[in-house]
Amino acid sequence: MSSAPRSVQIKGTGSYTPQKALTNNDLSKIVDTSDEWIFTRTGIKERRIADENETSSSMGAEAGRRAIENAGLNIDVIDVIVVGTMTPDMPFPSTACLVQEKLGIKNAVCFDVEAACSGFLYIMEIASGLLQTGRYRNALVIGSEKLSSILDWEDRTTCVLFGDGAGAAVLGLGEEGDTAGIIDFKLGADGSKADMLHQPGGGCAIPPSTESLAGRQHFLKMRGKEVFKQAVRVMGQAAVEILEQNGIESDQLACVVPHQANMRIIESLSSRLHIPIERFFLNLDKYGNTSAASIPIALDEAARAGRIKRGDIILLVAFGAGLTWGSSLIRW
Ligand code: ACO
């Protein structure tokens, strides 16, 4: 007799952000900007900047260690490590393999996924699928970014928006009959808008050269206004569709944990879903946009602050370069 499918649950969360805070006022000494301009357009007050010895793997390993500790598990039972990042330590090997080594985990499948700011939702869905095969016990999923390493510190239209950090979760199967766990995912992408937000240099299309460095091709480039419009559209759609598909009304949601890119994008999501902004978990004032790390850092802070309790239904929703987007409903 086949047993009922077991849900995939979040067993623990963890996060790590670098010590050094860079305020809007600090930035106004680097580029022609002001606290007033940045805060009114984005909601960001400061962001964390990694020091030269910190990398996506070192920050990710620390967030991962805290998530494993929060789950009350031993490292021996982690057999999958997936890192979502667009700032890997190096093109290869994967940041996940470097995290494995730093945590001293011996037997795990390790790989990275590149889905920019939607990365954490992409890796949660992939890791959930692996767990449901029954071949793995627990997956450590990590979003980690050292965006300061690809920012153009002469471009005020981008360098004020982003920060560094890492967030992680341990996923595992729940007991038979336990209804807590991931309810659903809805992921999407539109590669026709790839050049709206990208880092053109450094890959095989434009390998590092004197010309590519002089042309500042190794820095993040963004058409902010267009990204803004797309973000409002796709985040709203990803949220509405997953609620409809699962017959869940927005007033049943205890908390929404959105990608922390811009307060105005989040406010527009709040009015589209008819969910008061107080039910959104927000920390972009402290960290800015940390891309794939944004949702797991916020999730960890929300859980530790008691904003999410057992039995609550929560919504995660993200968008990013690609373009990519995604949403997930979870019963905590
Ligand atoms: N300080 C002062 N002035 C600035 C700054 C700055 N940091 N940046 C731009 N300006 C100026 C512009 O030059 C422009 O001046 P002009 O009118 O003389 O040309 C003026 O401010 C207005 O610029 P806009 O681009 O129209 O400003 P807007 O209101 O659109 O806000 C912003 C810009 C904040 C970037 C907004 O478009 C936005 O948030 N877009 C979405 C970005 C985003 O979320 N990206 C993350 C994607 S997720 C991922 O995958 C990484």
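**A ligand between two domains**

In this predicted model, the shell around the ligand takes residues from both domain 1 (8–173) and domain 2 (181–331), so the ligand lies between them. As for pockets, the ligand occupies the second largest one.

So much for the location; next comes the shell itself. The ligand is surrounded by 27 residues, and Thr33, Cys117, Lys225, Asn262 and Ala321 are the closest. Sorted by class, the shell holds 14 nonpolar residues, eight polar ones and five charged ones. Several secondary-structure elements each put in at least two residues: the helices α2 (35–42), α6 (156–159), α8 (224–245) and α9 (263–273), plus the strand β12 (313–320). Helix α8 gives the largest share of the shell, with four residues.

Some of the closest residues also make polar contacts with the ligand. On the side-chain front, an N or O atom of threonine 33 is 2.7 Å from a ligand nitrogen, while an N or O atom in the side chain of asparagine 262 sits 2.6 Å from a ligand oxygen. Alanine 321 joins in through its backbone, where an N or O atom is 2.7 Å from an oxygen atom of the ligand. As for burial, the ligand taken alone exposes 1000 Å², and the protein buries 75% of that.

The backbone geometry has a few oddities worth flagging. Most peptide bonds are trans, and most residues other than glycine have a negative phi. Against that background, the bond from phenylalanine 92 to proline 93 is cis, with omega near 0°. Proline 93 belongs to the loop that runs between β4 (80–84) and α4 (95–103). Another cis peptide bond links glycine 322 to leucine 323, this time with omega at about -10°. Here the loop in question is the one between β12 and β13 (324–331), where leucine 323 is found. Strand β12 has already come up as one of the elements that supply at least two residues of the ligand shell.

The last oddity concerns phi rather than omega. Arginine 216 is not a glycine, yet its phi is positive, at about 55°. This arginine 216 is in a loop as well, between α7 (210–214) and β10 (221–222).

Key. Residues are numbered from 1 along each chain as its sequence is written. This is a predicted model: local features need pLDDT of at least 70, side-chain atom pairs count only at pLDDT 80 or more; totals for chains, interfaces and linings use all residues. Side-chain values use heavy atoms; hydrogens and water are left out. A residue is near a molecule or strand if one of its heavy atoms lies within 4 Å of it. A polar contact is a pair of N or O atoms within 3.5 Å; within protein, one must be able to donate a hydrogen and the other to accept it, and residues adjacent in sequence count only if both atoms are side-chain atoms. Accessible areas come from the Shrake-Rupley method with a 1.4 Å probe; for residues, only the protein chains shown count as cover. On a 1 Å grid over the protein atoms alone, a cavity is a set of points where a 1.4 Å probe fits but cannot get out, and a pocket is an open set with protein on both sides within 12 Å along at least five of seven lines; lining residues have an atom within 4 Å of a point. A molecule sits in a cavity or pocket if more than half of its atoms lie within 2 Å of its grid points. Ala, Val, Leu, Ile, Met, Phe, Trp, Tyr, Cys and Pro count as nonpolar, Asp, Glu, Lys and Arg as charged, and the others, Gly among them, as polar. Domain bounds come from an automatic or database domain assignment.
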